[in-house]
Amino acid sequence: MEQLFSLLDSTIRVATPLVLAALAGMFSERSGVVDIGLEGKMLVAAFAAAAAAFVTHSPWLGLLAGIMASVSLAMVHAFVSVTYNGNQLISGMAINTIASGITPVLGLAWFQQGGNTPQLDDDSRFHDISLPFADALSNVPVIGHLYSKLLSGHSILVYLTILIIPVVSWVVYRSRFGLRLRAVGENPHAADTAGVSVARVRYIALFWGGVLCGVAGTFLSVYQTGSFIKEMTAGKGFLALAALIFGKWRPLPAVLGCLLFAFADASQIRLEGVDLPIVGQIPSQAIQVIPYVLTVLLLAGFVGRAVAPKAIGVPFVKSR
Amino acid sequence: MTDFAIGLNGICKRFGAVQANRDVSMNIAKGSIHGIIGENGAGKSTLMSILYGYYQADSGSITVDGREVRIRNSQEAIRLGIGMVHQHFMLVDNFTVLENIVLGAEGGLLLKQGLAKAREHLQALNRDYSLEVDPDAIVGELGVGLQQRVEILKALYRGADVLILDEPTAVLTPQEADHLFCILRALREQGKTVILITHKLREVMDITDAVSVMRAGTVVGNVRTADVDKEKLADLMVGRKVTLKVDKAEREPGAAVLDVRQLCLTDARGVKLLDDLNFQVRAGEIVGIAGVSGNGQSELLEVLAGMLEPTSGEIRYQGADLLQEKSSQPRAALYRKKGIAHVPEDRSREGLVKSFPMFENAILGYHDDKSVSKGGLYSRQALLARTRDFIRQFDIRPDNAQLRVGLLSGGNQQKVVLAREIHANPELLLIGQPTRGVDIGAIEFIHKRLVELRDAGKAILLVSVELEEILALSDRILVMAGGQISGEVAARDADTISLGLLMGGHKH
């Protein structure tokens, strides 16, 4: 039981940045803009957040800096691919390259620690918080356990993410912006003739995608590790993109995909060095590969045909 | 004096070297159906795009309800009560009818009350004009006729008093077109103004109250429909006498050149695109395939030309099954060598390379021809000479073999393709939409060449969505609906009504 709780607990931790990035990707891809730059935006946000938190000793100012850094890259992507109809894949790739280059360079120049940022002290980090009555309820069987062990004791950013999920889902399906977002990604010409500004919707979508990536990056550096480490996103942006496709570009299924990947990742840590019956000890390399193998398998056959937004990747040019 | 809903005064619009509209003036009476007729490229669409705010006129003025206005974008046009039903529908396929209608006019940040309001409004419109559209249907699953009505509803929901329809019947069966005309008449009764852009004379005669005829960017006539007849309109459109009929003698066809048996084609999703087709095309015969576009005609042509592999069946050409042929070269090239020429439906994508000069296009698909090459290199002289021959025989303009083909008009591009395919002296000619986007003068010419080819004893399979063309050229007519042949009619017994029923899928 304890084992299971701690496994699920770390699933939530691992899933949080994935969920944020996947929802970020959903905004931009639903608007018709391919977003392989999730990775780069997260990385830049992680760096900016850690640096700002170190200097100001405030995790919240770190969060703000992370969001601003990520949003500014998102706006570069928008400028290239919406305003100038550039190739969205190349623009996204450029963002990733810029991010993985500029973060260690600035890190080295500012902190002289091999491209990383110094370890943050306790005041400058986000901490786990106990929800009210967690201690009091910890002895109540099942419900109390679930509440105090699983739900309580996470960072504020985790709770923020849990709140964001239904909000995003509601925005996409129930709001005017959501209708326009989906229309623009599916048939921008239809939206255009109906009096919707395609460029405006895409800019807004990319902006919110930037905000969410900013939170995801901040989570990694200012909460999880307490410092920025070179290439610390380690493919999480692409994993989030895979989860998005797995969820067929719908918010809730995409979140589910993230949880699945996170669960595989969390079990991998626990399997390492454990003697299993029959097979014995599995080499750690084989275990580490599980989430990626899972990704390939799921995308290859399990989800069936993933139907992307029809206008994805195609710059909108008014025809006539 | 009549009230005018729309007044256009001296509209001019130039795109680079092309004067699309030159001093165009017309008045459109309130509560009338006004036709704008003209050949492709006559400037009809440009004019309507100016009215709907896509373009700005270089000079001239527009009045709506007698007041002079400036229309800078389509939102402003909508605000002035102008609605447009595009030729290519502007709908989001995976949205419901209701969602499509409120898009851009949601009435608030949240969708809920907007959708509820729209639903009520929609039911009222549905009743008033007997449109019979289910607000909760997914648009992509509706037929074209219904999709078009969604477009009309979209405009009406936005409060359109003037409705512009751009070639609305191009995608409809004659029966669907009749239903559309009923709706348009109902709109007129309710005081709406309808502007109908078309190049079909019959439609103008059937439904309009007044008509403006355009030619080469100018208005050559503003007339009351009651005062003119088809021939008069056709003369105005082209600027000279045209014969709408093709002279063609009865002729006894020879042996079967093409014999298609049980031909089937199923796509990746399991949809039957071609469903058990059986027919022959004989020497000295034009077989026309009629049907609303998207019923398998395009796929049939591609299968016969070797561009698509059928799922099952036989294609017997001069007695032997083509599908059994083993060859290392692509099927399309093999079929060409055997004497099957193909003028594809979409000539700009499949028939030509637009950025190549005319003389290079003149040998596409026949580039192995020894007579134009020497020692593995093309002889430029031979290519140019052949192209000049084409230009002379087919009256291609301008007569410059080195000009990029993309710069030619649609009619002249088609002549290049046709000249190339006929030059190969084929036994069987497959030809799709021979006169799509081609002006009337060139249509006459192309039709004549096709009949000459038939009289020379060649077999021709003609696919066209223009019923008049099918009726004018064919000796026999096959009708396709839903991937099947829904009927066969001898040309002399055929008329638009019986063909229309077959096109709708009613079997004999």
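The legends below describe close-up views of a predicted model with chains A and B.

**View 1. The two assigned domains of chain B.**
The domain assignment divides part of chain B into domain 1, covering residues 4–238, and domain 2, covering residues 351–424. Taken over C-alpha atoms, the centres of domain 1 of chain B and domain 2 of chain B are separated by 40 Å.

**View 2. An open sheet of chain B that includes strands 6 and 10.**
Six strands of chain B make up this open sheet, in the order 6-7-8-3-9-10, and their pairing is mixed. Strand 6 (82–85) and strand 10 (218–224) of chain B stand at the edges with a single partner strand each, so one side of each has no neighbour in the sheet. If direction is ignored, neighbouring strands of this sheet are turned by 20° against each other on average. Strands of a sheet pair through backbone hydrogen bonds, and the pairing can be either parallel or antiparallel. Here, strand 7 (residues 162–166) and strand 8 (residues 193–198) of chain B run parallel and are joined by five bridges; one point to look for is B:Val162, whose bridge partner in strand 8 of chain B is B:Thr193.

**View 3. Two helices of chain B against the sheet of View 2.**
Helix 6 (residues 174–189) of chain B lies across strand 3 (33–38), strand 7 and strand 8 of chain B, and its direction is at about 145° to strand 8 of chain B. Helix 8 (residues 230–238) of chain B also packs on the sheet, where it touches strand 3, strand 9 (210–215) and strand 10 of chain B, and it makes an angle of about 30° with the direction of strand 9 of chain B.

**View 4. An open sheet of chain B that includes strands 16 and 22.**
This open sheet has six strands of chain B in the order 16-19-20-13-21-22, with mixed pairing. Its edge strands are strand 16 (340–343) and strand 22 (484–490) of chain B, each of which pairs on one side only, and the twist from one strand to the next averages 20°. Within the sheet, strand 13 (residues 285–290) and strand 21 (residues 476–481) of chain B run parallel and are joined by four bridges, and B:Ala290 stands opposite B:Val479 in strand 21 of chain B. Helix 9 (residues 297–304) of chain B lies across strand 13, strand 19 (428–432), strand 20 (459–463) and strand 21 of chain B, running at about 150° to strand 19 of chain B.

**View 5. Two crossing helices of chain A.**
Two packed helices are described by the angle between their axes and the distance between the axes. For helix 3 (residues 59–83) and helix 10 (residues 198–225) of chain A, the axes come within 7 Å and cross at roughly 145°, and the crossing is right-handed. The residues of this contact comprise 17 nonpolar, 10 polar and one charged.

**View 6. Annotated transmembrane spans of chain A.**
In an unreviewed UniProt entry, the annotation "transmembrane region" covers several spans of chain A, including residues 63–82 and 89–111. Residues 63–82 of chain A are 100% helix, and the end C-alpha atoms of the span lie 27 Å apart. Residues 89–111 of chain A are likewise 100% helix, with 33 Å between the end C-alpha atoms.

**View 7. Where chain A meets chain B.**
In this view, 16 residues of chain A are in contact with 21 residues of chain B. On the side of chain A that touches chain B, the elements giving two or more residues are helix 8 (176–186) and helix 9 (188–193) of chain A, and helix 8 of chain A provides the largest share, five residues. By class, this side of chain A has six nonpolar, five polar and five charged residues.

How values were computed
Residues numbered from 1 in each chain as written. Chains lettered and ligands numbered in written order. Predicted model: local features only at pLDDT ≥ 70, side-chain atom pairs only at ≥ 80, totals over all residues. Domains from an automatic or database assignment. Pairing = 2+ DSSP bridges. Axes fitted to C-alpha atoms, helices over the stretch in contact; angles between N-to-C directions. Contact = placed C-beta atoms within 7 Å. Nonpolar A, V, L, I, M, F, W, Y, C, P; charged D, E, K, R; others polar. Left-handed = near helix turned anticlockwise from the far one by under 90°. UniProt positions renumbered as here; feature names shortened; annotations may be inferred.
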